[in-house]
Amino acid sequence: MTISAGLSKDEMAARVAQDIPHGAYVNLGIGQPTLVADHLDAGSGVVLHTENGMLNMGRAAVGDEVDGDLLNAGKVPVVEPPGAAYFHSADSFAMMRGSHLDVCVLGAFQVSAGGDIANWHTGAPDAIPAVGGAMDLAIGAKQVFVMMTLFAKDGTPKLVPECTYPLTGVGCVSRVYTDVAVFEVGGPEVVVVETFGTSYDDLAARLDVPLRQG
Amino acid sequence: MTARICDTVAEAVDGIADGSTVLVGGFGLAGMPVELIDGLIEQGATDLTVVSNNAGNGDTGLAALLAKGRVRKVICSFPRQSDSYVFDGLYREGKVELELVPQGNLAERMRAAGAGIGAFFCPTGVGTPLAEGKETREIDGRTYVLEYPIRGDVALVGAHASDRMGNVVYRKTARNFGPVMATAAATTIVQVRQVVEVGGLDPEKVVTPSIYVDRVVAV
């Protein structure tokens, strides 16, 4: 059974952006989640948080705008829009842990049906582990969205009964946005909210988690 | 005692002992005390424990300190980067020890050290390998991990400007770990772009008050 090509990375980012409430304080993880910023319209009122110490972070800087003192968490130079605020690292993580951030969007290697996330370490013996702010974000934001392809390159599902990679956080993910479907996790069954270029039955055939049509 | 304004980087890093725990500010190059790290390499202290968000990039700064074999242990959140080959090589050869700490715990453990907190219960990392072997407690239905402070013998901080008393201001996201590290070390050494006269900084904008600062050098 094959699943036809679904959403592109940009289309996935646009789909995530649709579900970010007006005026939310949001942290976008390094990598693909960063693309979500491109799909938040000017009227969204969304305030972006970057864990290295800034709220109302702006877009990537170009040309003369580049300032070595103004970087995002991916160490990319960004701009300072009106309404920006700076703070130190302990305050930045207190904002997360203290449940002040409304949404964070993370990439993942695996998400479990119960909402566990694994995104920092493959566990391979020669891999050098790096965690950054992922564990703090996973347990801190009020809602954790994951953005990932549903299947790994070898075809195995990344939405799994239990994560086999080392965990980043336990029971913290609420929604998973993939190229072929959007899922709600963390309940007794995984709810298929929406599909793209595939059917509920196709998903049920390929995933080893209890599914329910949303 | 207010801060000593040093004429040279060598004077600023003088006396750092072998075996010291050195807190090094910066997130990427923003706030990285590059000249102080170069000064530490010149100064020669070895067998160091370095606490920093990253573990060096390219061949300069922390990477150069590591390459010279001066670092016994790195405590950081994100060692692996596209250009962290110096650390990667030493780690794979077993020549440097790594304590991986979630970024927020790294900041809060130093904040605790600076604020006189003996330890704290934190929800980050519960149920993950980074909390294995650590004491946990359930408080109001949620599980927390006991985390201990990280104290430095020395902090090396990169900031924007200071006055001659040692009050420090930062610029944009170069602030990051600087204000926390400044509180958490026995000796805090700050490099700035400019030292101004007392009264030259708006007291409302001072982020690190002089009480935390021991030495300042303009670079």
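Chain A holds 4 helices and 13 strands, and this report walks through chain A before turning to its partner, chain B. Please keep in mind that this is a predicted model. The predictor assigns the complex an ipTM of 0.96 and a pTM of 0.96. For chain B, the average pLDDT is 97, and 100% of the residues score at least 70.

**Overall form of chain A**

The C-alpha trace of chain A spans about 50 × 40 × 30 Å along its principal axes. Its radius of gyration is 17 Å, which agrees with the value near 17 Å that a compact globule of 214 residues would have. Of those 214 residues, 45% count as buried. If you look at contacts with a separation of 6 or more in chain A, 60% of them come from residues 24 or more positions apart.

**The sheet of chain A**

In chain A, 10 strands build an open sheet with mixed pairing, in the order 4-3-2-1-5-8-10-11-12-13. Strand 4 (85–86) and strand 13 (211–213) of chain A are at the edges with a single partner strand each, so one side of each has no neighbour in the sheet. Further inside that order, strand 1 (residues 25–28) and strand 5 (residues 103–106) of chain A are paired in the parallel sense over 3 bridges. There, Asn27(A) has Cys104(A) of strand 5 as its bridge partner.

**Helix 2 of chain A and its surroundings**

Which residues of helix 2 (residues 89–97) of chain A are buried? They are Ser89(A), Ala90(A), Ser92(A), Phe93(A), Met95(A) and Met96(A). Within chain A, the buried residues of this helix pack against strand 2 (47–50) and helix 3 (134–140). They also pack against helix 5 and helix 6 of chain B, so to speak reaching across to the other chain.

After helix 2 of chain A comes Ser99(A), with a positive phi near 65 degrees. This residue is not a glycine, and its place is in the loop between helix 2 and strand 5 of chain A. Ser99(A) counts as exposed because it has 12 C-beta neighbours inside 10 Å.

**Two more loop residues of chain A**

Asn56(A) is another residue other than glycine with a positive phi, here near 60 degrees. It is found in the loop between strand 3 (54–55) and strand 4 of chain A. Asn56(A) counts as partly exposed, with 16 C-beta neighbours inside 10 Å.

Is Met148(A), in its loop, buried or exposed? Met148(A) is buried, because 24 other C-beta atoms lie within 10 Å and the cut-off for burial is 20 or more. The loop in question runs between strand 8 (143–147) and strand 9 (159–160) of chain A. Leaving aside residues up to four places away in sequence, Met148(A) touches Gly107(A), Ala108(A), Lys158(A) and Thr178(A). Met148(A) is also 8.7 Å from Gln110(A), C-alpha to C-alpha, with their positions 38 residues apart in sequence.

**Parallel strands in chain B**

Chain B offers two parallel pairings that share strand 3, listed here with one facing pair of residues for each.

| Strands of chain B | Bridges | Facing residues |
|---|---|---|
| Strand 2 (residues 21–24) and strand 3 (residues 48–51) | 3 bridges | Val22(B) and Val50(B) |
| Strand 3 and strand 4 (residues 71–76) | 4 bridges | Val51(B) and Ile75(B) |

Each pairing belongs to a β-α-β unit. Strand 2, helix 2 (residues 34–43) and strand 3 of chain B make a right-handed one. Strand 3, helix 3 (residues 62–67) and strand 4 of chain B make a right-handed unit as well.

**Where the chains meet**

How many residues does each chain bring to the contact? Chain B brings 35 residues and chain A brings 31 residues. On the side of chain B that touches chain A, at least two residues each come from helix 4 (85–92), helix 5 (103–115) and helix 6 (178–184). Helix 5 of chain B gives the most, with 5 residues. Sorted by class, this side of chain B has 17 nonpolar, 11 polar and 7 charged residues. Helix 5 and helix 6 of chain B are the elements already met above, packing against the buried residues of helix 2 of chain A.

Notes
Residues numbered from 1 in each chain as written. Chains lettered and ligands numbered in written order. Predicted model: local features only at pLDDT ≥ 70, side-chain atom pairs only at ≥ 80, totals over all residues. pLDDT = per-residue confidence, 0-100. Contact = placed C-beta atoms within 7 Å. Nonpolar A, V, L, I, M, F, W, Y, C, P; charged D, E, K, R; others polar. Rg over C-alpha atoms; globule rule 2.2 N^0.38 Å. Pairing = 2+ DSSP bridges. Right-handed = clockwise from strand over helix to strand, strands pointing away.
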